[in-house]
Amino acid sequence: MSGIFIAIEGLDGSGGTTQSKLLRQWMEDQGRWTSVHRTWEPSGGPIGKFIRENLKLENAEALGDNVFPYLFAADRQHHLDREILPVVAQGGAVITDRYYHSSLAYQSLTVGFDTVAQLNAGFRAPDLTVFLELPAEACLERILARGGALERFEVIDRLRAIEAAYETVLSYCAARDEAVVRLDASGSVQDIHARVISAVTAAAAT
Ligand code: TYD
């Protein structure tokens with residue numbers, strides 16, 4: 001039995017966490033994989049925890065933007081070695097909420113795409129990346145609805161910049177023949193879940 005490695009990507013508010021939880025349940029119910037592991041980046045490991053601490057607003061200036069791409073890459077290596085690759089090698093499924101596409105989108109805004117691409121070029125590509133496509137405005141509405149106490153204009157500008165950066169990321173992945181599926185992430189949670197399931201079913205059949 002072969003394992004499968006799936007990444008869920010998208011803007012903040014595009015529903016990645018909700019969809020990865022539902023997908024995990026569905027994959028478990030299929031009984032097709034030896035185990036189904038749901039994970040995320042920044043990871044729960046020591047480097048991931050350090051990143052989350054430093055992403056907090058009150059710590060924003062401590063490290064400086066130039067350091068983050070390296071931290072995310074170090075966390076990713078650790079995450080792959082300890083949590084992802086061992087499961088896949090045993091015939092398990094891994095679903096990660098964010099992977100290097102997030103670095104390529106978010107960190108390219110501060111240090112440029114090429115630097116981030118170089119840092120991440122050696123990491124194993126997922127067997128399937130699901131990009132949840134939702135316009136920045138709709139993401140903002142979802143963020144506000146769940147109580148994000150953020151300054152509206154500042155946030156929409158940032159979301160739009162990340163949205164544009166993801167377009168570059170998707171072209172880059174297409175040029176590398178990566179298996180990336182763009183899914184319409186509007187509509188109900190169950191509608192989107194159904195779209196995710198079709199994408200995973202197709203990918204698992206190859
Ligand atoms: P996110 O999964 O959205 O966190 P939460 O569970 O708190 O919603 O990730 C936290 C932030 O980190 C998110 O805004 C995206 C950012 N991020 C990067 O900038 N680069 C990366 O490589 C990754 C994995 C995340």
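These are my notebook entries on a ligand site, two helix pairs and two backbone details in a predicted model.

**Entry 1: the ligand site**

I began with the ligand and listed the residues around it. On the acidic and basic side of the list I found Asp12, Glu41, Arg52, Arg76 and Arg98, among others. The list also includes Pro42, Leu55, Phe72 and Tyr106, and Ser102, Ser103 and Gln107 belong to it too.

Next I looked up polar contacts to side chains. The side chain of Asp12 has an N or O atom 3.0 Å from an oxygen atom of the ligand. For Arg76, an N or O atom of the side chain is 2.9 Å from a ligand oxygen atom. With Gln107 the ligand atom is a nitrogen, and the distance to an N or O atom of the side chain is 2.7 Å.

**Entry 2: two backbone details at the site**

Two names from the ligand list, Pro42 and Arg98, sent me to the backbone. I found that the peptide bond joining Glu41 and Pro42 is cis, with omega at about -5 degrees. Pro42 sits in the loop between strand 2 (36-40) and helix 2. Glu41, the other partner in that bond, is also around the ligand.

Arg98 is not a glycine, yet I read a positive phi of about 85 degrees for it. I placed Arg98 in the loop between strand 3 (93-97) and helix 5 (100-106).

**Entry 3: helix 2 with helix 4**

How do the axes of helix 2 and helix 4 cross? I noted that helix 2 (residues 46-55) and helix 4 (residues 68-89) have axes that come within 8 Å and cross at roughly 150 degrees. Over 145 degrees counts as roughly antiparallel, so that is what helix 2 and helix 4 are to each other. Their crossing is left-handed.

From helix 2, the residues in contact are Pro46, Ile47, Gly48, Phe50, Ile51, Asn54 and Leu55; from helix 4, they are Phe68, Leu71, Phe72, Ala74, Asp75 and His78. I sorted them into 9 nonpolar, 3 polar and 1 charged. Leu55 and Phe72 take part in this contact and are also around the ligand.

**Entry 4: helix 1 with helix 10**

Last, I checked helix 1 (residues 16-30) against helix 10 (residues 189-204): the axes come within 10 Å and cross at roughly 55 degrees. That angle makes helix 1 and helix 10 oblique to each other, and their crossing is right-handed.

Among the residues that meet here are Leu22, Leu23 and Trp26 in helix 1, and Ile192, Val196 and Val200 in helix 10. The whole contact divides into 9 nonpolar, 5 polar and no charged residues.

Terms used:
Residues are numbered from 1 along each chain as its sequence is written. This is a predicted model: local features need pLDDT of at least 70, side-chain atom pairs count only at pLDDT 80 or more; totals for chains, interfaces and linings use all residues. Side-chain values use heavy atoms; hydrogens and water are left out. Axes are lines fitted to C-alpha atoms, for helices over the stretch in contact, and angles run from 0 to 180 degrees between N-to-C directions. Helices (H or I, at least four residues) and strands (E, at least two) are DSSP runs, numbered from the N terminus. Angles under 35 degrees count as roughly parallel, over 145 as roughly antiparallel, 65 to 115 as roughly perpendicular and the rest as oblique. A crossing is left-handed if the near helix is turned anticlockwise from the far one by less than a right angle, and right-handed if clockwise. Contact means heavy atoms within 4.5 Å. Ala, Val, Leu, Ile, Met, Phe, Trp, Tyr, Cys and Pro count as nonpolar, Asp, Glu, Lys and Arg as charged, and the others, Gly among them, as polar. A residue is near a molecule or strand if one of its heavy atoms lies within 4 Å of it. A polar contact is a pair of N or O atoms within 3.5 Å; within protein, one must be able to donate a hydrogen and the other to accept it, and residues adjacent in sequence count only if both atoms are side-chain atoms.
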